[in-house]
Each structure stands twice: as structure tokens, then as C-alpha cells.
Amino acid sequence: MNSFSSFNVNSVLVFLTAILISGGVQAQTCEPSANLIGVEPPSGECNTDLDADCCKPGEPYQTFTCSPTDQRAILTINSFEEGGDGGGASACDGQFHSDDTPVVALSTGWFNNRERCLRSITIEGNGRSVVAMVVDECDSTMGCDEEHAYQPPCRNNIVDASAAVWEALGVPSEDWGELDITWSDA
């Protein structure tokens with residue numbers, strides 16, 4: 001190796017080391033903000049439609065105020081209809097929505113204090129894509145209470161979707177539950 005090549009390699013290594021030490025390149029992480037301890041739901045108060053989980057007494061659940069920056073997510077199933085497993089009316093418009101309409105709830109960090117309310121996102125998964133409207137928050141900061149249908153807090157990388165989204169992605173209903181997806185603002 002000649003001295004010019006050696007100088008360039010060493011310069012690049014010194015430069016990269018300096019950036020890492022100074023914090024110029026930071027890992028895009030989203031760390032838990034707290035733990036929430038599960039409580040026993042009152043009899044008949046936890047809605048388990050669509051195989052939703054109920055909080056378990058004494059079980060710790062991580063909470064998050066952030067979501068990953070890369071928008072790789074897990075698609076989950078939710079009913080946005082009155083009486084469905086989603087709990088109350090949607091946060092964005094105070095309405096319930098038909099499960100035949102492509103609507104979603106985003107984890108707290110992606111919901112971003114209602115910034116994405118009533119905006120469309122494009123979801124890609126199962127070799128297909130669908131446009132859906134954001135109508136609610138999948139709360140990553142709270143859970144295990146009446147407002148959240150006694151379900152645990154959402155994970156920080158969830159796009160909680162109506163049946164219409166799953167159908168548009170061509171996923172057979174017996175496989176609805178969780179699906180690795182990507183999403184972007186439409």
C-alpha cells in the first residue's frame with residue numbers, strides 16, 4: 001500500500017471515530033419510558049374480541065413515548081366500531097368507524113400528538129399496499145384501565161388496523177393478528 005492510500009484510510013478512520021465520540025451519529029432507538037403494572041380487570045370488562053389480550057394482575061408492561069424512526073411496523077387487528085375491542089370513540093374525530101373502512105390507529109410516537117389525525121398513510125405488506133386514514137392512537141403510554149378496555153399498552157411499533165386494511169392486503173382472515181409491514185405518509 002502506498003503512503004497516499006494509507007493516509008486516506010487512516011484519515012477516514014480518524015474522522016469516523018471523531019464523529020462517533022462526539023455523538024454526531026446516534027443510534028435511532030426508542031427506549032421504554034416506564035413500566036406499568038397490570039391490574040385485574042373487573043369481571044366482564046376486558047373486551048377480548050379479535051383475540052385481544054387482557055392485562056394480567058402484577059404483570060409489568062413497558063410503556064413508550066416514542067416510536068422507531070424507520071416506520072417498519074407490526075400490523076395488528078382492531079375494531080373501530082362501537083362496542084368493538086378498540087374501546088371508546090376514535091381520538092381524532094370522536095367517532096366510531098366501520099370495520100369495512102380502511103382506518104388505523106398508530107402507536108403514540110407515530111401518532112405524534114394528533115399530528116397525523118385524519119391523514120392518509122400507505123401500508124405495504126403481504127406483497128400489496130393499501131391507503132388508510134389515521135383516526136386513533138394506539139396508546140403506548142397507558143393501559144390496563146377502563147379507557148383502554150383493560151388491555152395492555154400498545155407496543156411502540158404498532159399500526160392497529162380495521163378488517164378492511166387486512167382484506168385489502170389479501171391476508172386470509174384466519175391469519176389476521178400480526179403482520180410485518182412498512183408504512184409511509186401518503
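Ile123 is a good place to start: it stands opposite Val130, a residue of β6. The strands β5 and β6 run antiparallel, and six bridges join them. Keep in mind as you look around that this is a predicted model.

From that pair, widen the view to the barrel. Six strands close it, in the order β3-β7-β4-β6-β5-β8, and their pairing is mixed. Going from one strand to the next, the twist averages 45°.

Now step back to the whole protein chain, which has three helices and eight strands. Read from the N terminus, its elements follow the order α-β-β-β-β-α-β-β-β-α-β. The chain has 186 residues, and 39% of them count as buried. If you take the contacts between residues at least 6 apart in sequence, 71% of these join residues at least 24 apart. On the outside, the protein chain exposes about 10,400 Å², with carbon and sulfur atoms supplying 49% of that area.

The cysteines give us a handy route through the rest of the fold. With sulfur atoms counted as a disulfide when they lie within 2.5 Å of each other, the count comes to four disulfides. Let us visit three of the links in turn.

Cys30 and Cys66 form one of the disulfides, and their sulfur atoms are 1.9 Å apart. Which parts of the chain does this pair tie together? Cys30 sits in the loop between α1 (3–22) and β1 (34–37), while Cys66 sits in the loop between β2 (60–63) and β3 (72–77), so the link ties together parts that are 36 residues apart in sequence. The link of Cys30 and Cys66 is right-handed, with 100° about the S-S bond. Are its two ends buried or exposed? Cys30 has a relative accessible area of 14%, and because buried means under 20%, Cys30 is buried. Cys66, at 22% relative accessibility, counts as partly exposed.

Next comes the disulfide that joins Cys92 to Cys117, with an S to S distance of 2.1 Å. The torsion about the S-S bond of Cys92 and Cys117 is about -80°, so this disulfide is left-handed. Cys92 belongs to the loop between β3 and β4 (103–107), and Cys117 to the loop between α2 (108–111) and β5 (120–125), so the pair ties together parts that are 25 residues apart in sequence. Both Cys92 and Cys117 are buried.

A further disulfide joins Cys138 to Cys154, with 1.5 Å from S to S. This pair links distant parts of the chain: Cys138 is in strand β6 (residues 128–138), Cys154 is in the loop between β6 and β7 (158–161), and the two are 16 residues apart. Cys138 is buried, with a relative accessible area of 8%, and Cys154 is buried with a value of 13%.

Our last stop is Cys55, in the loop between β1 and β2. At 4% relative accessibility, Cys55 counts as buried. What does Cys55 touch, leaving aside residues up to four places away in sequence? Its contacts are Gly38, Val39, Pro41, Tyr61, Cys144, Tyr150, Gln151 and Pro152. You can also place Cys55 relative to Ile37: these residues are 18 residues apart along the chain, and 8.8 Å separates their C-alpha atoms.

Definitions and conventions. Residues are numbered from 1 along each chain as its sequence is written. This is a predicted model: local features need pLDDT of at least 70, side-chain atom pairs count only at pLDDT 80 or more; totals for chains, interfaces and linings use all residues. Side-chain values use heavy atoms; hydrogens and water are left out. Helices (H or I, at least four residues) and strands (E, at least two) are DSSP runs, numbered from the N terminus. Buried means under 20% relative accessible area, exposed over 50%, partly exposed in between (1.4 Å probe, protein chains only). Contact means heavy atoms within 4.5 Å. Accessible areas come from the Shrake-Rupley method with a 1.4 Å probe; for residues, only the protein chains shown count as cover. Two strands pair if DSSP finds at least two bridges between them. Axes are lines fitted to C-alpha atoms, for helices over the stretch in contact, and angles run from 0 to 180 degrees between N-to-C directions.
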